[in-house]
Amino acid sequence: MTGSLPQQGGPADEPDVRAEDRAHVIRRRAFTLLIIVLLIGIPAGYLVISANQSRNSGKEKEEKYSARGLTEGWPSKVQRRLYQVPIPHPANQVAWYETNNWRTSRLYVQFQTTHAGLDAFLKEIGVSRGQLNKGSITIGARDRNATGWKFAGPGARPGTYWGLVHEQKEPRPTQQVVVNTGNPTYPMVYVVSRVVP
């Protein structure tokens, strides 16, 4: 015998489901949009600020160190290898200075050596003495200002200047070389080696 089950009614405390009114929909969508903007905007803003600070830091470091000028002594072996500036033996009056920013890194080196040392240096960077041009100052004003080098005018070392630019395919450095032969026995060599990272 099959009997019918009694019908159960819904719970007495069930809320009345009604459609959302327009104001509530607008508030909910505005809140959702605000959350999306915050989730995307804050990290994006942080990245922009961080990139600007990093770039400005590089400029500030370059300005800070350019005010300092040359440091007496030899650059590290790593610097000499990276910038391909082999300082020959014997050499004296050795000084160097390095600048770095997000576009270009430069190593400035000066040294005095013998004529045999000059030939060895030129050979090691891949050029010869015959490629030096008499009277050619190949190091520009910007680089001379960074180091305080003077090749003419008051405060300049008297002598005859010879220069060359040794351009190489990146990532190898480009070297600007000026040689002062004012001392007939010990030429003074000035080098700017530029690397583009």
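A residue counts as buried when its relative accessible area is under 20%. Keep that cut-off in mind for the close-ups below, which all come from a predicted model.

**View 1. Tyrosine 161 meets phenylalanine 151 edge-to-face.** Tyrosine 161 has a relative accessibility of 8%, so tyrosine 161 counts as buried. Phenylalanine 151, at 6%, is buried too. Their ring centres are 5.5 Å apart, with 65° between the planes. Tyrosine 161 belongs to strand S5, while phenylalanine 151 sits in the loop between H4 and that strand; the pair links parts of the chain 10 residues apart. Both rings also belong to one aromatic cluster, together with Tyr97, Tyr108, Trp149 and Tyr190.

**View 2. Phenylalanine 111 and phenylalanine 121 form another aromatic pair.** Here is one of the seven aromatic pairs in the structure. The arrangement is edge-to-face, 5.3 Å from centre to centre and with 75° between the planes. Phenylalanine 111 comes from strand S3 and phenylalanine 121 from helix H3, 10 residues apart. Are these two rings buried or exposed? Phenylalanine 111 is buried at 0% relative accessibility, and phenylalanine 121 is buried at 1%.

**View 3. Aspartate 143 joins two arginines in a salt-bridge network.** Side chains of opposite charge can pair when their charged atoms come close. Aspartate 143 forms a salt bridge with arginine 106, and the closest N and O atoms are 3.4 Å apart. Because aspartate 143 lies in helix H4 (residues 141-147) and arginine 106 in strand S3 (residues 105-113), this bridge ties together parts 37 residues apart in sequence. Aspartate 143 and arginine 106 are both buried. Aspartate 143 also bridges to arginine 142, with 3.3 Å between the closest N and O atoms. Arginine 142 is partly exposed, at 43% relative accessible area. Through the shared partner, Arg106, Arg142 and Asp143 form one network.

**View 4. Aspartate 119 pairs with arginine 129.** This is another salt bridge, one of three in the count, and its closest N and O atoms are 2.8 Å apart. Aspartate 119 lies in helix H3 (residues 115-125) and arginine 129 in the loop between H3 and strand S4 (133-134), so the bridge ties together parts 10 residues apart. Aspartate 119 is partly exposed at 37% relative accessibility, and arginine 129 is partly exposed at 32%.

**View 5. Arginine 103 lies over the face of tryptophan 102.** In this last close-up, look for arginine 103 at 5.7 Å from the ring centre of tryptophan 102.

Methods
Residues are numbered from 1 along each chain as its sequence is written. This is a predicted model: local features need pLDDT of at least 70, side-chain atom pairs count only at pLDDT 80 or more; totals for chains, interfaces and linings use all residues. Side-chain values use heavy atoms; hydrogens and water are left out. A salt bridge is a side-chain nitrogen of Lys or Arg within 4 Å of a carboxyl oxygen of Asp or Glu. Helices (H or I, at least four residues) and strands (E, at least two) are DSSP runs, numbered from the N terminus. Buried means under 20% relative accessible area, exposed over 50%, partly exposed in between (1.4 Å probe, protein chains only). Rings of Phe, Tyr and Trp (its six-membered ring) pair if their centres lie within 6.5 Å; planes under 30 degrees apart count as stacked, over 60 as edge-to-face and the rest as tilted. A charge sits over a ring if NZ of Lys or CZ of Arg is within 6 Å of the ring centre and within 35 degrees of the ring normal.
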